[in-house]
Amino acid sequence: MDILYVFGSNVKKYRSELGVSQEKFAEMCGLHRTYISAIECYRRSISLENIQRIADALGIETYKLFIEEK
């Protein structure tokens with residue numbers, strides 16, 4: 001399992017389900033748009049604090065961001 005790929009794919013999936021742009025989502029998280037883009041493009045490791053911010057903004061439990069879809 002490539003954790004960066006799984007996490008980035010899940011962030012993008014849940015963000016898309018919310019129907020918000022990367023820019024709007026970044027505002028919701030208190031992060032920068034380029035940071036969200038780098039996560040969704042699998043180029044960025046992320047701190048636990050920011051993982052929680054993202055999950056909170058998505059309105060989901062944190063663990064869901066780490067579930068690999070088959």
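# Reading a four-helix model

Tutor: At a relative accessibility of 54%, E69 counts as exposed, where exposed stands for over 50% relative accessible area, buried for under 20%, and partly exposed for what lies in between, with a 1.4 Å probe and protein chains only. This is a predicted model, in which local features need pLDDT of at least 70 and side-chain atom pairs count only at pLDDT 80 or more, while totals for chains, interfaces and linings use all residues. Residues are numbered from 1 along each chain as its sequence is written, and side-chain values use heavy atoms, with hydrogens and water left out.

Student: Where is E69 found, and which residues does E69 touch, not counting those up to four places away in sequence?

Tutor: E69 sits in the segment after helix 4, and, once residues up to four places away are set aside, E69 touches N10 and K13, contact being heavy atoms within 4.5 Å. Although E69 and N10 are 59 residues apart along the chain, their C-alpha atoms are separated by 8.9 Å.

Student: How many helices and how many strands does the protein chain have?

Tutor: Such elements are read as DSSP runs numbered from the N terminus, a helix being H or I over at least four residues and a strand being E over at least two. By that reading the protein chain has four helices and zero strands, and the pattern along the sequence is α-α-α-α.

Student: Which radius of gyration would a compact globule with 70 residues have, and what does the protein chain have?

Tutor: The radius is taken over C-alpha atoms, and the globule rule is 2.2 Å times the number of residues to the power 0.38. For 70 residues a compact globule would come out near 11 Å, and the protein chain has 11 Å, which agrees. The C-alpha atoms fill a box of roughly 30 × 20 × 20 Å along the principal axes, and 39% of the 70 residues count as buried. Among contacts between residues at least 6 apart in sequence, 55% join residues at least 24 apart.

Student: Where do the buried residues of helix 2 fall, seen down the axis of the helix?

Tutor: The general idea is that an α-helix has 3.6 residues a turn, so residues three or four places apart point the same way. In helix 2, residues 22–29, the buried ones are Q22, F25, A26 and C29. Seen down the axis, these buried residues fall within an arc of 105 degrees, so they line one face of helix 2, the arc being that of the directions from the helix axis to the C-beta atoms. They pack against helix 1 (3–18), helix 3 (33–40) and helix 4 (48–58).

Student: Which residues are buried in helix 4, and which are exposed on the other side?

Tutor: In helix 4 the buried residues are N50, I51, I54, A55, A57 and L58. They fall within an arc of 165 degrees when seen down the axis, so they too line one face of the helix. L48, E49 and D56 are exposed on the other side of helix 4, while the cover over the buried residues includes helix 1, helix 2 and helix 3. To take one residue of helix 4, N50 is buried at a relative accessible area of 11%, and, leaving aside neighbours within four places in sequence, N50 is in contact with L31 and Y35.

Student: How many of the eight residues of helix 3 are buried?

Tutor: Helix 3 is mostly covered, with six of its eight residues buried, namely Y35, I36, S37, A38, I39 and E40. What covers them includes helix 1, helix 2 and helix 4.

Student: Which residue has a positive phi although it is not a glycine?

Tutor: In general, most residues other than glycine have a negative phi. Here Y42, which is not a glycine, has a positive phi of about 65 degrees; Y42 lies in the loop between helix 3 and helix 4, and counts as partly exposed at 35% relative accessibility. Among glycines, G30 takes a positive phi of about 75 degrees just after helix 2, and G59 takes one of about 75 degrees just after helix 4.

Student: In the loop between helix 1 and helix 2, is V20 buried or exposed?

Tutor: V20 counts as buried, at 18% relative accessibility. Beyond its neighbours within four places in sequence, V20 is in contact with R15, F25 and M28. V20 and Y5, by contrast, are 15 residues apart in sequence and 21 Å apart in space, C-alpha to C-alpha.
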